[in-house]
Amino acid sequence: MIYLDYAATTPMTDEAIAAYSEAAKIVFGNTSSLHDAGGNASFLLEEARTRVANKLGINRNGVIFTGSGTEGNLLAILSLARAGKGKHVITSAAEHTSVHAAMTTLERDGYEVTKLPLNEYGIVDVDILVKSIREDTVLISIQHVNSEIGTIQPVERIAKIARKKDIPFHVDCVQSFCKLPIEHLAKELDAITISAHKFGGPKGCGAIYLNPRKRCVPVFPGLTHEKGIRGGTVDLPAIIAMVTAMEQFAYQKETFQLYRNRLKQILKDAGCDFIEAEADYQLPSILGICLNGVEGQFVMLRLNEEGIAISTGSACDITSSSGTKAILAMGQNLSKARQFFRVSFGEGTTKLEIDKLGDSLKSIAREVRL
């Protein structure tokens, strides 16, 4: 199989699997237990917390381990928003499904949510964001990298604005963590979400950063684990595997840019539209494509028959019949959104795989025209 859906999930690295296995065998104690087995587990948990904090360049006291990026987004957004005195939140129309779920929950609680559109390049317009800020705005939540088209949002500029206005700012860094340098950015943020399976770690494990200087209201009051923010016994083997993958992950930016350019060159006469921003605002490993006149789901299924795995957008939106949120947020119609599919590269991607994908897409294009 040719796997080109790394934005959905990455395979676990051998090192992460080995770390998980060793921890599961040796350090099986509950981190909250008071005996030596629990104490040893707790020591490794806190060491992992420090390693994540060092990677982000933030206060370790703000690191909370979660069961996923989805859970992390929900906890971060709801905890910060409910701690504010107002009832207005700003986000974008192209956020991950979990962010929209959190916003829907807030709306049911009486909050008003402003969802910003994307411009023609898939970027949030900062001027529109500034105009959307109100006296009762209690939170801004904007993703760092869009998971569908790979555009990099201007979160540094937004962070400065949020800090000046004293508005908590949450950034979903699930697609950017370990791929873009965010240490300088993290210090300016009040909340960050990461997920292990996007950089060679296990599924079902992630973390959030909540600025210890900001007030938070736990979603479920009375919990005892993870500073009362997230309940349940922590999965220590998964956490150890996550930090192992985190410290070894090497994002091949230049190689992925070459693959991206090569695929675009192969498809230059195939009737494709590439959904992307300028290089400075584009993660090279995610390429959004529309094959004119062909539904993305058809392309995905045809490629699957040839042993090539791509996607039609975020795996968390796979049951949606409306197409990708990013395309719709850019002002495109439903027909265009349904033509969208996503190719994403990873450590195992080769030039031969890119050539095979390009040839297969050209074949599909010829088939449709005939």
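The exercises below work through the fold, the empty spaces and three single residues of a predicted model.

**Exercise 1. Describe the overall build of the protein, and decide how its compactness relates to that of a globular protein of its length.**

Solution. Begin with the secondary structure, which amounts to 13 helices and 12 strands. Next take the radius of gyration, which is 21 Å, while the globule rule gives 21 Å for 370 residues, so the protein is as compact as a globular protein of that length. For the outer dimensions, the C-alpha atoms fill a box of roughly 70 × 50 × 35 Å when the principal axes are used. Then turn to the interior and the surface: 56% of the 370 residues count as buried, and the protein exposes about 16100 Å², of which carbon and sulfur atoms supply 51%. Finally, consider the contacts with a separation of 6 or more, and note that 72% of them join residues 24 or more positions apart.

**Exercise 2. Find what volume the largest pocket has and which residues are closest to its centre.**

Solution. The volume comes first, and it is about 430 Å³ for the largest pocket. The lining consists of 18 residues, and those closest to the centre are T137, V138, D166, I167 and P168. Sorting the lining by class then gives 7 nonpolar, 3 polar and 8 charged residues.

**Exercise 3. Characterise the largest cavity by its volume, its lining residues and the elements that supply them.**

Solution. Rolling a probe the size of a water molecule over the atoms shows where empty space is left. The count here is 1 cavity of 30 Å³ or more, and the largest cavity holds about 40 Å³ of space. Its lining is made up of V52, L56, V63, I192, T193, I194, A207, I208 and Y209. To place these residues in the fold, look at helix α2 (36–56) and the strands β7 (191–195) and β8 (206–210), each of which supplies at least two residues of the lining. The last step is to sort the lining of this cavity by class, which yields 8 nonpolar residues, 1 polar residue and no charged residues.

**Exercise 4. Decide whether T31 is buried or exposed, and list its contacts beyond the neighbours within four places in sequence.**

Solution. First locate T31, which is found in the loop between α1 (14–26) and α2. The relative accessible area of T31 is 12%, and because buried means under 20%, T31 counts as buried. Once the neighbours within four places in sequence are left aside, T31 is in contact with G38, A41, S42, L45, V234 and L236.

**Exercise 5. Carry out the corresponding steps for P284, and state how far P284 lies from T255 in space.**

Solution. P284 belongs to the loop between β9 (272–275) and β10 (286–291). With a relative accessible area of 3%, P284 is buried. Although P284 and T255 are 29 residues apart in sequence, their C-alpha atoms are 9.0 Å apart in space. Apart from neighbours within four places in sequence, the contacts of P284 are Y251, K253, F256, Q257, R260 and F345.

**Exercise 6. Determine where R302 sits and which residues it touches beyond four places in sequence.**

Solution. R302 is part of helix α10 (residues 296–305), and its relative accessibility of 15% makes R302 a buried residue. Beyond its neighbours within four places in sequence, R302 is in contact with I364 and E367. As a final step, consider G150, which is 152 residues from R302 along the chain, with 23 Å between the two C-alpha atoms.

Key:
Residues are numbered from 1 along each chain as its sequence is written. This is a predicted model: local features need pLDDT of at least 70, side-chain atom pairs count only at pLDDT 80 or more; totals for chains, interfaces and linings use all residues. Side-chain values use heavy atoms; hydrogens and water are left out. On a 1 Å grid over the protein atoms alone, a cavity is a set of points where a 1.4 Å probe fits but cannot get out, and a pocket is an open set with protein on both sides within 12 Å along at least five of seven lines; lining residues have an atom within 4 Å of a point. Grid points are joined across faces, edges and corners, and a volume is the space filled by probe spheres set on the points. Ala, Val, Leu, Ile, Met, Phe, Trp, Tyr, Cys and Pro count as nonpolar, Asp, Glu, Lys and Arg as charged, and the others, Gly among them, as polar. The radius of gyration is taken over C-alpha atoms; the globule rule is 2.2 Å times the number of residues to the power 0.38. Buried means under 20% relative accessible area, exposed over 50%, partly exposed in between (1.4 Å probe, protein chains only). Contact means heavy atoms within 4.5 Å. Accessible areas come from the Shrake-Rupley method with a 1.4 Å probe; for residues, only the protein chains shown count as cover.
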